[in-house]
2 protein chains.
Amino acid sequence: MIETVHSFEKPLADCTVAIAGLGLMGGSLGLALRGQVQRVIGVARRAETVQQALAIGAIDAGYATLAQGAAEADILVLATPVSVILAQIGELGRLAAQGVLRRGVVLTDMGSTKGAICDAMAALPDSVQPVGGHPMCGKESSGLDVAEADLYRGAPFVLCPLPRTTPQTVALIKSLAAAVGACPLELDPARHDHLAAAISHVPYLAALATFLAASDVGESDPLAWRLAASGFRSTTRLAGSDGQMMADILLSNRAAVLEQLDRLQAHLAHLAALLTAPDAAHLGQLLSVTRAARSQFLDQYGG
Amino acid sequence: MIETVHSFEKPLADCTVAIAGLGLMGGSLGLALRGQVQRVIGVARRAETVQQALAIGAIDAGYATLAQGAAEADILVLATPVSVILAQIGELGRLAAQGVLRRGVVLTDMGSTKGAICDAMAALPDSVQPVGGHPMCGKESSGLDVAEADLYRGAPFVLCPLPRTTPQTVALIKSLAAAVGACPLELDPARHDHLAAAISHVPYLAALATFLAASDVGESDPLAWRLAASGFRSTTRLAGSDGQMMADILLSNRAAVLEQLDRLQAHLAHLAALLTAPDAAHLGQLLSVTRAARSQFLDQYGG
């Protein structure tokens with residue numbers, strides 16, 4: 001006889017949601033979910049973080065260890081950096097085997113890459129119902145201090161079901177995404193990672209390299225920084241993202257990032273060629289067409 | 001006997017300022033200057049542009065030709081694209097030789113590169129007092145519709161005096177920059193162009209190439225655009241600049257731009273190498289150090 005899996009039968013409003021990691025993403029999720037679910041439990045290593053999350057109303061209760069928080073969860077959300085998520089999935093496998101977790105607990109995450117995480121999720125015992133997740137929003141500043149209930153409003157919230165993920169689990173996490181104002185979107189992990197490399201990971205590297213190249217000049221002539229206007233700040237804004245977090249993301253999406261970096265470098269080489277043997281007509285046309293395309297695509301897809 | 005050069009003796013408040021080009025930069029200058037100078041004269045080819053500039057209060061009077069506007073000017077500001085500025089300097093040389101211009105008229109410009117423009121200015125007759133100019137501000141949107149009196153407030157306003165430029169001319173244009181709320185800053189043209197390549201022209205190319213590389217993916221999978229969040233918009237914002245204007249700028253600063261593009265490509269190649277043979281420690285450190293440096297420099301130099 002197959003034991004009844006209780007979580008899937010519960011509506012979101014009756015679920016206890018545990019959030020591991022109370023930074024910008026986890027803290028904002030707690031703020032947005034509280035009152036819409038049975039309870040929000042937070043997990044953070046530092047006692048001060050748990051205290052702060054309680055104080056700002058992001059959680060109903062908090063614990064220092066994943067085992068404690070996960071034990072009470074109907075839905076468990078890993079809102080930690082990608083390398084920590086991968087380690088926590090391993091730990092959850094052991095906790096499930098030890099019977100610490102509720103049977104049928106739904107596990108999702110908010111990591112910026114999905115291939116490695118979904119592969120790790122696939123190795124979990126059957127008593128865990130996993131679905132990869134990635135809400136496409138954020139800020140450069142990180143931490144609970146900048147968490148806000150509206151962070152997810154209007155953002156695409158990618159869900160990556162595994163072959164074993166039940167339709168009820170997908171529906172439950174879609175309702176969680178909708179509850180925080182996000183737009184759920186099912187996507188294959190490889191497709192997610194390929195697209196994320198193009199619109200997030202490599203733009204980050206472009207911002208970083210643009211800043212580093214300007215630094216080469218700014219080191220010998222600091223006036224460069226004084227002349228840097230809003231365009232420079234905007235182009236290099238993503239270079240203000242947390243370095244360890246981004247290293248994690250890039251390394252867990254290496255193949256897609258390297259492939260997209262090749263495309264970026266090819267376009268830069270082409271632009272350099274149009275300047276080296278000056279081709280004003282072709283250059284002007286390329287620049288104008290690109291401007292129009294950017295305007296068209298970004299208008300069409302809102303934001 | 002040397003004829004008295006009248007303009008230099010006048011304070012800014014007594015000067016007639018002619019602005020050739022009534023787009024974002026010229027229109028904003030007119031809006032900011034009116035009431036602080038004797039008269040503001042606008043020059044634009046299209047009669048509707050002159051009418052609109054009169055209607056929004058950016059100019060006191062307008063003409064269709066440079067010759068008409070320049071004839072009445074104590075100070076003449078070329079606020080046209082770089083290639084047009086270069087052509088207009090040639091035309092002003094002929095007008096000066098024909099005695100159309102006031103003797104001692106002060107000529108400046110708002111072009112984004114200074115080497116080629118200052119070289120052209122150096123060939124003008126002695127009856128013209130030239131000084132290169134570049135206020136470091138702007139928007140991606142262009143045209144008189146988006147002009148605003150506060151555009152220059154707080155912006156560095158680079159002045160490039162030529163060897164022949166008198167101290168009185170520099171002082172007069174500094175007072176013009178200050179009158180619109182900008183911070184005048186004397187700079188050698190080559191140094192300006194070197195710095196502008198690093199903090200403006202190559203960041204533009206990085207934004208453009210980032211968008212083009214994302215387009216390669218978006219063409220086969222348009223979902224990319226739907227997932228593009230604020231970080232992508234920010235990184236590629238400069239790619240929304242006017243294409244012909246940017247082609248002009250890049251071509252008139254080719255050497256410095258190509259040198260800086262090499263630096264950008266070297267940093268991207270280094271980042272690719274850290275991902276190809278994964279070096280998590282080195283990568284994380286580089287990303288974190290760069291984030292801290294960006295924060296330090298941009299904080300230190302305000303904005």
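Student: What rotation and shift superpose chain A on chain B?
Tutor: Let's start with the model itself: it is predicted, local features need pLDDT of at least 70, side-chain atom pairs count only at pLDDT 80 or more, and totals for chains, interfaces and linings use all residues. Residues are numbered from 1 along each chain as written, with chains lettered from A and ligands numbered from 1 in the order written. Copies are superposed by least squares on C-alpha atoms of residues with pLDDT of at least 70 in both. Chain A falls on chain B with an RMSD of 0.0 Å, after a shift along the axis of 0.0 Å and a rotation of 180°.

Student: Why does that matter for how the two copies are related?
Tutor: Given that superposition, the copies are related as by a two-fold rotation axis. In chain A, the C-alpha nearest this axis, 2.1 Å from it, belongs to Thr235(A).

Student: Which helix gives the largest share of the side of chain A that touches chain B?
Tutor: Contact here means C-beta atoms, placed from the backbone, within 7 Å, and 80 residues from each of chain A and chain B take part. Helices are DSSP runs (H or I, at least four residues), numbered from the N terminus. With 21 residues, the largest share comes from helix 7 of chain A.

Student: Through which surface do the copies meet?
Tutor: Of the interface residues of chain A, 100% are also interface residues in chain B. So the copies meet through the same surface.

Conventions. Contact = placed C-beta atoms within 7 Å. Helix = DSSP H or I, 4+ residues; strand = E, 2+ residues; numbered from the N terminus.
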